[in-house]
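Okay, can everyone see the screen? I'll put the sequence and the structure up, and then we'll walk through it piece by piece.

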Amino acid sequence: MFGKSKLGNICYYVSDIDKTEAFYRVVMGLDVQRMEGDGETGGDWLIASTVNGVDLIFFKMESRPGNSPIIVFEIADGGIDDLVSSLAGQGVTIVTPVSHAPGGWSSEFADPDGHVISMYQSAEAPRSLKNVA
């Protein structure tokens, strides 16, 4: 199911976007970009790309052990609704149903130990592949 998906990002929930931006830019030396919030998903957020193509993404949200960081698989061809349905059918706990994310759709589920795993697809890709010819 995820064998052909690339690891797209690692998402962190942080308490202070400004402090996080300064730390990762000044201390870590990463090229951090501030992205403007779109109103639906909240305020500004940060993205820092790494040389191997895995982006670090930072959202202002309550962080507690177990909910951050989250590994995000990129679903390049779409079909996020189908994947969530398949996971639920196998008894997997769906933590967050398919919901709007910056530029697309995301959903989170839990592994057997309760670790949250996320998936993301672009809004340009179809949410279901069942009726795509």
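So, His115: leaving out residues up to four places away in sequence, it touches Phe109 and Ala110. This is a predicted model, by the way, so keep that in mind throughout. His115 sits in the loop between β7 and β8. Is His115 buried or exposed, or something in between? Its relative accessibility is 48%, so it counts as partly exposed, given that the exposed class starts over 50%. If you want a distance to go with that, the C-alpha atoms of His115 and Pro69 are 9.8 Å apart, with the two positions 46 residues apart along the chain.

Phe109 also turns up on the contact list of Leu87, so let's go there. Leu87 is part of helix α2, and at a relative accessible area of 6% Leu87 is buried. Its contacts, ignoring neighbours within four places in sequence, are Met1, Phe2, Val92, Ile94, Phe109 and Met119. For a far-off pair, take Leu87 and Arg64: they are 23 residues apart along the chain, and their C-alpha atoms are separated by 25 Å.

Now the helix as a whole. Which residues of α2, which runs over residues 80-89, are buried? They are Ile80, Asp82, Leu83, Val84 and Leu87. Look at the spacing in that list with this in mind: an α-helix has 3.6 residues a turn, so residues three or four places apart point the same way. And what covers those buried residues? The cover includes β6, β7 and β8. After α2 comes Gly91, which has a positive phi, near 85 degrees.

On the other side of α2 in sequence, let's look at Ile75. It lies in the loop between β5 and α2. Despite being in a loop, Ile75 is buried, with a relative accessible area of 6%. Setting aside neighbours within four places in sequence, Ile75 is in contact with Phe2, Ser5, Leu83, Met119, Tyr120 and Gln121. Gln121 is 46 residues away along the chain, yet the two C-alpha atoms are separated by 5.0 Å. Phe2 and Met119 are among the contacts of Ile75, and we met both of them in the contacts of Leu87 too.

Ile75 brings us to the pockets. The second largest one has a volume of about 210 Å³. It has 13 lining residues, and Ser5, Ile75, Ala76, Asp77 and Gly78 are the ones nearest its centre. By class, that lining breaks down into 5 nonpolar, 3 polar and 5 charged residues.

And how much space lies in the largest pocket? About 750 Å³. It is lined by 33 residues, with Cys11, Phe59, Ala101, Pro102 and Ser106 closest to the centre. The elements giving two or more residues to that lining are β1, β3, β4, β5, β6, β7 and β8. For anyone thinking about the chemistry of the lining, the split is 15 nonpolar, 12 polar and 6 charged.

Next up, the aromatics. The structure holds 6 aromatic pairs. One of them is Tyr24 with Phe58, a tilted pair at 4.6 Å centre to centre and 45 degrees between the planes. Why care about where the partners sit? Tyr24 is in helix α1 and Phe58 is in strand β4, so the pair ties together parts that are 34 residues apart in sequence. Both rings belong to buried residues: Tyr24 has a relative accessible area of 17%, and Phe58 comes in at 1%. Together with Tyr12 and Phe23, Tyr24 and Phe58 form one aromatic cluster.

Phe58 has another partner from that helix. Thr20 lies in α1, residues 17-27, and touches Val14, Leu46 and Phe58, again not counting residues up to four places away in sequence. With a relative accessible area of 10%, Thr20 is buried as well.

One last ring, and then I'm done. The charged end of Arg127 sits over the ring of Trp105, 4.2 Å from the ring centre. Okay, over to you for questions.

Note on methods
Residues numbered from 1 in each chain as written. Predicted model: local features only at pLDDT ≥ 70, side-chain atom pairs only at ≥ 80, totals over all residues. Heavy atoms only, no water. 1 Å grid on protein atoms, 1.4 Å probe; cavity = no way out; pocket = protein on both sides within 12 Å on 5 of 7 lines; lining within 4 Å. Points joined across faces, edges and corners; volume = space filled by probe spheres on them. Helix = DSSP H or I, 4+ residues; strand = E, 2+ residues; numbered from the N terminus. Nonpolar A, V, L, I, M, F, W, Y, C, P; charged D, E, K, R; others polar. Buried < 20%, exposed > 50% of the residue type's maximum accessible area, 1.4 Å probe, protein only. Contact = heavy atoms within 4.5 Å. Phe/Tyr/Trp six-rings, centres within 6.5 Å; stacked < 30°, edge-to-face > 60°. Lys NZ or Arg CZ within 6 Å of the ring centre and 35° of its normal.
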